[in-house]
Amino acid sequence: MQAHDTENTGKLSSSNEDYLEALYQLGGEGKAIRSVDLASKLGVSKASVNKAINNLKNAGLVQQPHYGDISLTQEGLNYALKVQSRHETLTQFLTEVLGVEPKRAQEEACTMEHAISDDTLDKWVSFMKREGFL
């Protein structure tokens with residue numbers, strides 16, 4: 001069995017994580033997503049979507065029949081859920097704890113979710129629970 005990119009590197013690029021998160025938001029579990037809808041959601045060209053989807057297919061995170069709709073594999077769904085959870089946790093902290101305006105908190109959480117390690121996020125969540133924010 002061939003190892004996927006995520007197993008070799010442990011983490012995708014922030015751009016590819018954004019694609020997985022958008023796929024999850026558009027279709028979640030089991031729903032196929034059209035490339036044009038993904039391009040529209042992310043504000044990118046169809047060519048950019050095709051390139052990213054090829055990377056995600058090679059990593060075993062999405063499936064797409066020739067020119068067909070895109071769907072997450074189980075591994076892709078798990079990864080997307082992890083990215084989505086990071087985003088939600090960071091957004092909640094920024095808005096509820098720090099009082100950051102929601103739109104700005106969403107944008108900044110998107111940047112932060114790609115940079116923070118699992119260990120640091122786990123400690124952050126523990127802190128939020130301990131302090132009664134979660």
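1. Contact here means heavy atoms within 4.5 Å. On that basis, and leaving aside neighbours within four places in sequence, Tyr 24 is in contact with Leu 72, Leu 77, Ala 80, Leu 81 and Gln 84. Tyr 24 sits in helix α2. Its relative accessible area is 25%, so it counts as partly exposed, given that the partly exposed class runs between under 20% and over 50%. Tyr 24 and Gly 76 are 52 residues apart along the chain, yet their C-alpha atoms are separated by 9.0 Å. Keep in mind throughout that this is a predicted model.

2. Overall layout. The protein chain has seven helices and two strands. From the N terminus on, the order is α-α-α-α-β-β-α-α-α. The radius of gyration is 16 Å, close to the 14 Å that the globule rule gives for 134 residues, so the chain is as compact as a globular protein of that length. Along the principal axes, the C-alpha atoms fill a box of roughly 50 × 35 × 25 Å.

3. Burial and surface. Of the 134 residues, 39% are buried. The accessible surface comes to about 7900 Å², and carbon and sulfur atoms account for 49% of that. Take the contacts between residues at least 6 apart in sequence: 58% of them join residues at least 24 apart.

4. The largest nonpolar core. This core has 21 residues. Which members touch the most others? They are Leu 20, Leu 23, Leu 38, Ile 53, Leu 56 and Val 62. The elements giving two or more residues to this core are α2 (14–27), α3 (35–42), α4 (46–58) and α5 (74–97). A second, separate core holds 11 residues, including Leu 90, Val 100, Ala 105 and Leu 121.

5. Leu 20 in detail. Beyond its neighbours within four places in sequence, Leu 20 is in contact with Leu 12, Leu 56, Leu 61, Val 62, Leu 72, Gly 76, Tyr 79 and Ala 80. Two of these partners, Leu 56 and Val 62, are also listed among the core members that touch the most others. Leu 72 and Ala 80 are contacts of Tyr 24 as well.

6. Ser 71. This residue belongs to strand β2 (residues 71–72). Buried or exposed? Ser 71 is buried, at a relative accessible area of 19%. The cut-off for buried is under 20%. Not counting residues up to four places away in sequence, Ser 71 touches Lys 31, Ala 32, Leu 61, Val 62 and Gln 63. Leu 61 and Val 62 also appear in the contact list of Leu 20.

7. Helix α5 and its end. At 1.5 Å a residue, the 24 residues of α5 should span 34 Å; the end C-alpha atoms are 33 Å apart, which agrees. Glu 88 lies in this helix. Its relative accessibility is 46%, so Glu 88 is partly exposed. The C-alpha atoms of Glu 88 and Glu 113 are separated by 9.2 Å, with their positions 25 residues apart along the chain.

8. Gly 99. Just after α5, Gly 99 takes a positive phi of about 75°. Gly 99 lies in the loop between α5 and α6. It is exposed, with a relative accessible area of 57%. The C-alpha atoms of Gly 99 and Ser 35 are separated by 36 Å; the two residues are 64 apart along the chain.

9. Helix α6. The helix has 14 residues. From first C-alpha to last it reaches 20 Å, close to the 20 Å expected at 1.5 Å a residue. Its buried residues are Ala 105, Ala 109, Glu 113 and His 114. What do they pack against? The buried residues of α6 pack against α2 and α5. Ala 105 also belongs to the second core.

10. Helix α7. The 13 residues of α7 (residues 118–130) should span 18 Å at 1.5 Å a residue; the end C-alpha atoms are 18 Å apart, which agrees. Leu 121, Trp 124, Val 125 and Met 128 are buried in α7. Down the helix axis, the buried residues fall within an arc of 100°, so they line one face of α7. On the other side, Asp 122, Lys 123 and Arg 130 are exposed. The cover over the buried residues of α7 includes α5 and α6 (102–115). After α7 comes Gly 132, with a positive phi near 85°.

Note on methods: Residues are numbered from 1 along each chain as its sequence is written. This is a predicted model: local features need pLDDT of at least 70, side-chain atom pairs count only at pLDDT 80 or more; totals for chains, interfaces and linings use all residues. Side-chain values use heavy atoms; hydrogens and water are left out. A nonpolar core is a set of buried Ala, Val, Leu, Ile, Met, Phe, Trp, Tyr and Cys residues joined through side-chain atoms within 4.5 Å. Buried means under 20% relative accessible area, exposed over 50%, partly exposed in between (1.4 Å probe, protein chains only). Helices (H or I, at least four residues) and strands (E, at least two) are DSSP runs, numbered from the N terminus. The expected span of a helix is 1.5 Å times one less than its number of residues. The arc is that of the directions from the helix axis to the C-beta atoms. The radius of gyration is taken over C-alpha atoms; the globule rule is 2.2 Å times the number of residues to the power 0.38. Accessible areas come from the Shrake-Rupley method with a 1.4 Å probe; for residues, only the protein chains shown count as cover.
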